[in-house]
Amino acid sequence: MSKTPVPSKRTPKTDPGRPVARLVTPVLFRFGALVVVMALVAIAGMVLSFRAVSYLSDEVQPAADANAAVLQDLTEMNAAVSTWALSGRSSAVDDYGQAERRLPADQQKVRQFAADDAELDLLVARLEERTQAWVDSYAEPRIVAKGGPGTFNPQRFRVGQDLYSKLEAAHQETQSAFDARVRDGRSEATLLFRGTIVAVALLALAAWYLVGRFRNRLLNEISEPLRSLESAVQKMTRTDLDARAEARGPKEVRSVATALNDYADAQGRARAVEGRIQNELRVLDTAKDDFVSNVSHELRTPLTTISGYLEMVAEEFDGQLQPRHERMLEATRRNVTRLKALIDDLLALSKAESRATDLEAADVTTLVRDGVTDVRITGARRGIRIEVTAPAEPMTVLCDRAMLQRALINVLSNAVKFSHDNGQVDVTVQKLEPHQVEIAVQDHGIGIPRIELDRLGTRFFRASNAVTNEIAGTGLGLRIVQTIIDKHAGDVMIESTEGKGTTVFIRLRLHGYGGLRVAEDPAGD
């Protein structure tokens, strides 16, 4: 007896990403529809509110202001008539004429707005009628008639005041109508705006309810894989370099885990490369500092010897050299001096960049005055005065006294060097609230071209006008200042105008106002 084969039952394969799509798609569709409706409601409400506000600000309020201006014009005209009647001054006639010329323009603005409002149009017409009656019956005849003492007519004055009182009453009714329309416009705009907010809030609540309904279902499906993924991320952020995410759960979560693991692997490789580069940079930086220091020290000895021989030649052949040889000797001595200054600055910069900052409390004002004393002799040779303005109370900072003194002397020397003969350098020390002290050194010399300000502080940079005027320098002084002030957690700012002078601001933290951040690594070029 033959047996009929029974077909085997197989479980259909399912896409691991479909559960998430099946859960998320309806929610996204409904949520998106609510967002669109919210956007439309918000746009419609904002448009209607904007129109109401525009109508209020562009039409109602200007018309109300024009109506107030009408009363102001009439008030000035009435005051001018009274002044003319009492004193007879011609200026009163001029004031009356100016107000009278402004009145039609203000009335025209009010009339244009009231044209579409029957009630307001009637009130405006009554106001214009009473205004014209007052002008024709009293104001115009009185301003034309003779004024001054002895011309006062009580009966005519009472008639004028009665007409003006009726005019004011009519204006009050018109102004009340304008105020009512302003209030109505504001109420309408407020109502539209609040209605829009309420409608958007209700739709937002509906969206929140829709999302909340599916929240638990979504969490049950994917929360466990996501918590596992979060745990892996937290381990990575705690510098656990071997931590990796577990690739499980829906396809989307597995994709994120795979990408995160790839990123962690790439970061590990990058850290290894970065470590090697940093080690090489430290070696190069040390080699550079050693090279500059060694070369500078090696050059000092021969330069000292050359300088000594030049002095011997100058003394031995004093008065015997020809002018051409004198110029050659002077040029040689000048360039030897320049090389010595360059070597000194290179050594100072190398020490500032590599030297550990030894901090002690010092009074900024005392350091500034000591620096001015050192530089004042150099300035006196060219007739340059140095004026110091500083408060009486001490302002203490934590600093390396020798390094900070060097920075201040560099700034003061530059101010003197780039000043004109018989000029003045102003030094100001002041406290900046709440915890800084500022040292400002201002000269009135050649200044710095605007296009070169961005290059200040780079090594060996010198302004073009300094080179043109053959002012000696190495281009390292400001670099030394910036390096020293950086080590003291301070700031250096420069303001300069070519031909008018330069001001250098140095700001330091006062001692006792929080910790001092000491720079360990010198600033790069």
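There are 10 helices and 7 strands in this protein. Keep in mind that this is a predicted model. Of the 525 residues, 34% count as buried. The protein exposes about 32300 Å², and carbon and sulfur atoms supply 56% of that.

Now contacts along the chain. Take the contacts with a separation of 6 or more. Residues 24 or more positions apart account for 75% of them.

Let's start with helix H1, residues 18-87. I want to pick out Asn 67, which is found in that helix. Is Asn 67 buried or exposed? At 0% relative accessibility, Asn 67 counts as buried. Which residues does Asn 67 touch, leaving aside its neighbours within four places in sequence? They are Val 110, Leu 127, His 171, Thr 174, Gln 175 and Phe 178.

For contrast, go to helix H5, residues 251-316. Ala 259 lies there. Ala 259 is partly exposed, with a relative accessible area of 45%. Look back along the chain to Ala 245, 14 residues away. The C-alpha atoms of Ala 259 and Ala 245 are separated by 9.4 Å.

Next, helix H7. H7 runs over residues 364-380, which is 17 residues. At 1.5 Å a residue, H7 should span 24 Å. Its end C-alpha atoms are 24 Å apart, so the expected and modelled spans agree. H7 does have a kink, of about 30°. The kink is centred on Asp 374.

What caps the N-terminal end of H7? Asp 363 does. A side-chain oxygen of Asp 363 lies 3.3 Å from the backbone nitrogen of Thr 365. Thr 365 is also one of the buried residues of H7. The others on that list are Val 364, Leu 367, Val 368, Gly 371, Val 372, Val 375 and Gly 379.

What do the buried residues of H7 pack against? Strands E1 (360-363), E2 (385-389) and E3 (396-399) are on the list. So to speak, the list goes on: helix H8 (401-417), then strands E4 (424-432) and E5 (436-442).

On to helix H10, residues 477-487. Of its 11 residues, 9 are buried, so H10 is largely enclosed by the rest of the structure. Here are the buried ones: Gly 477, Leu 478, Arg 479, Ile 480, Val 481, Thr 483, Ile 484, Ile 485 and Lys 487. Note that Arg 479 and Lys 487 are among them. After H10 comes Ala 489. Ala 489 has a positive phi, near 60°.

Now charges. Side chains of opposite charge can pair when their charged atoms come close. How many salt bridges does the structure hold? The count is 8. I'll walk through some of them.

One joins Lys 166 and Asp 162, at 3.7 Å, N to O. Both residues lie in helix H4, residues 154-237. They are 4 residues apart, about one turn of the helix. Lys 166 is partly exposed, at 42% relative accessible area. Asp 162 is partly exposed too, at 41%.

Another joins Glu 360 and Arg 401, at 3.8 Å, N to O. Glu 360 lies in strand E1 and Arg 401 in helix H8, so this pair ties together parts that are 41 residues apart in sequence. E1 and H8 should sound familiar: the buried residues of H7 pack against both. Glu 360 is partly exposed, at 37% relative accessible area. Arg 401 counts as partly exposed, at 35%.

Then there is Asp 421 with Arg 382. Their closest N and O atoms are 2.9 Å apart. This pair links distant parts of the chain, 39 residues apart. Asp 421 is in the loop between H8 and E4. Arg 382 is in the loop between H7 and E2. Is Asp 421 exposed or buried? At 52% relative accessibility, Asp 421 counts as exposed, because the cut-off for exposed is over 50%. Arg 382 is partly exposed, with a relative accessible area of 27%.

Salt bridges can also share partners, and here they join Asp 73, Glu 76 and Arg 102 into one network.

Key: Residues numbered from 1 in each chain as written. Predicted model: local features only at pLDDT ≥ 70, side-chain atom pairs only at ≥ 80, totals over all residues. Heavy atoms only, no water. Helix = DSSP H or I, 4+ residues; strand = E, 2+ residues; numbered from the N terminus. Expected span 1.5 Å × (residues − 1). Bend = angle between axes of the 7 residues up to and from the residue. Buried < 20%, exposed > 50% of the residue type's maximum accessible area, 1.4 Å probe, protein only. Contact = heavy atoms within 4.5 Å. Polar contact = N/O pair within 3.5 Å; in protein donor to acceptor, adjacent residues only side chain to side chain. Salt bridge = Lys/Arg side-chain N within 4 Å of Asp/Glu carboxyl O. Areas by Shrake-Rupley, 256 points an atom, 1.4 Å probe, with all protein chains shown as cover.
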